[in-house]
Amino acid sequence: MWNRKREDPPLPRPSSMTPTATDLAREGIPMSTTPTRLSEPGDGAAAIGKSVVVKGQIYSREDLYVDGEIDGTVEVQEHRLTVGPNGKVTASVEAREVIVRGTVHGDIHAGEKIDIRKEAKLVGDLKTSRIVIEEGAYFKGSVDILRTDVNRTEAAPKPTASSAAGPAGNQARPSARPPAKT
Amino acid sequence: MSIGDRLRELFSKSGDFSVSRPAAEKSPAPPPPAPGKDESELVKRSHGLSHFVNSIREESGLSILDLGEISQPNVNFVTNLGHRLYSVDFLRTLDAAAGPGSPAGGPAQRTLMDSFIEQSLGFGPEELDGALIWDSLQYLSRPLLIATVNRLHEILKPGACLLAFFHTTERAEWLPAYSYRIASTQTLNLTWKNYRRPVEVFNNRGIERLFEQFESVKFFLTRDKLREVIIRR
């Protein structure tokens, strides 16, 4: 059930369930051009629906889609966390990849990537290897691009206006950051 | 006595930074129509930006403040230099904090204003190594402007540079508000967003007085209607 192929025709779904990419496309809602797999629950992710409120710690070993409210901490090690358009997360977040389409108040640490969509509202400090930001997103906080041993060996791509921010620009820098000026 | 007069009396400070002040108490003229495509997307060569970049490129690990809205190009540029970027989206936060019915330039109540400053610029003393202000200051009421400049002085390290733009059009009721995207070390892409009513319009002397507690103020000649200023803490 969870691993059915994308080309399978969509099954009739109750209106209360989270819209799929097909629904969004039909409504004319632009989707990200990022070439990643779908982030809706039907793609194999666990889901917290928009009427659900969770207070406490969440630890997931699979992709997690949040369209409800979370107040606490969220840890999705080695997997992706998606905050849906109705999602409201007041928590520190740790995941491999984070996609934000709703509201997040809290720091985010994503080892691989943070993707902030245009409808997102994000307040907190971000630490990641790559970050993608759509025009129109609201963000208040800091952005730290992490350098990893793997990334140090990659060739530094030429920085452009449209490419994601990554650690490549740090390749020529000394491996240890000098202490902040005092 | 109008509401504007009462507010000015309540928060009045010595000194006059402005050349002219739009007649906010009169019925405001509607904003001009949206510009055509040629004027809504501009490429601007910026000596001020070049100067700012030169001040931060010799080291890595610096903390740079951007008062504009978050954008991919600006994040790319600053983080590819090895720095941390703090993004505040100052004017958008101001609009949300002011709420409907508030006077132009931000919340009028002192407590609200202090709260806004604390939330937007809540950094430690001498924490920041540089700040990209763009044209944000031109839309702040005088009390909020002074509070903002004072806070910037507190949170910037000695020697840190601040890049600010001031529109040169005098007695303008509406000014084009742009998004400023760093395209290269000396080039900006400006995208028109909307029109905003300026609260203050500054001349060079007024800008110098505004930043009189800073070490230096340097003006850059431009061919367009934006005055570029580098202020050194």
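**Warm-up.** Over which residues of chain A, with 12 contacts beyond four places in sequence, does pLDDT stay under 50?

*Solution.* Start with the ground rules. This is a predicted model, in which local features need pLDDT of at least 70 and side-chain atom pairs count only at pLDDT 80 or more, while totals for chains, interfaces and linings use all residues. Residues are numbered from 1 along each chain as its sequence is written, and chains are lettered from A and ligands numbered from 1 in the order in which they are written.

Next, the score: pLDDT is the predictor's confidence in each residue, from 0 to 100. The stretch asked for is residues 24-38 of chain A. Another one is residues 12-18 of chain A, again with pLDDT under 50, where the model has six contacts beyond four places in sequence. A contact here means two C-beta atoms, placed from the backbone, within 7 Å. For the chain as a whole, the average pLDDT of chain A is 75, and 57% of its residues score at least 70.

**Exercise 1.** Set the make-up of chain A beside that of chain B.

*Solution.* Step one, elements. Helices (H or I, at least four residues) and strands (E, at least two) are DSSP runs, numbered from the N terminus. Chain A has two helices and 11 strands; chain B has eight helices and 11 strands. Along its sequence, chain A reads α-β-β-β-β-β-β-β-β-β-β-β-α.

Step two, burial. Call a residue buried if 20 or more other C-beta atoms lie within 10 Å of its own, exposed if 12 or fewer, and partly exposed in between, with C-beta atoms placed from the backbone. Chain A has 182 residues, 34% of them buried; for chain B, it's 43% of 233.

Step three, contact range. Take contacts between residues at least 6 apart: in chain A, 11% of them join residues at least 24 apart. In chain B, residues 24 or more positions apart account for 68% of the contacts with a separation of 6 or more.

**Exercise 2.** Trace the strand pairings of β7(A).

*Solution.* Two strands pair if DSSP finds at least two bridges between them. Begin with β5 (residues 88-100) of chain A: seven bridges join it to β7(A) (residues 108-116), and the two run parallel. One spot to look at is Val93(A), opposite Ile108(A).

Move on to β9(A) (residues 126-128), which pairs with β7(A) in the parallel sense over three bridges. Here His109(A) has Lys127(A) as its bridge partner. Finish with β10(A), also parallel to β7(A) and joined by three bridges; Asp115(A) sits opposite Val132(A) there.

**Exercise 3.** Work out how covered helix α4 of chain B is, and what it packs against.

*Solution.* The helix spans residues 72-80, and nine of its nine residues are buried. Among them are Pro73(B), Val75(B), Phe77(B) and Val78(B). For the packing, look in both chains: the buried residues of α4(B) pack against β10 (131-133) and β11 (138-145) of chain A, along with β3 (63-66), β4 (84-87) and β7 of chain B. After the helix comes Gly82(B), with a positive phi near 90 degrees.

**Exercise 4.** Place Ser179(B) in its surroundings.

*Solution.* First find its element: Ser179(B) is in strand β7 (residues 175-184) of chain B. Ser179(B) counts as partly exposed because 18 other C-beta atoms lie within 10 Å. Now list its contacts, skipping neighbours within four places in sequence: Gly68(B), Glu69(B), Ser71(B), Thr191(B) and Lys193(B). Finally, Ile70(B) is 109 residues from Ser179(B) in sequence, with 9.6 Å between their C-alpha atoms.
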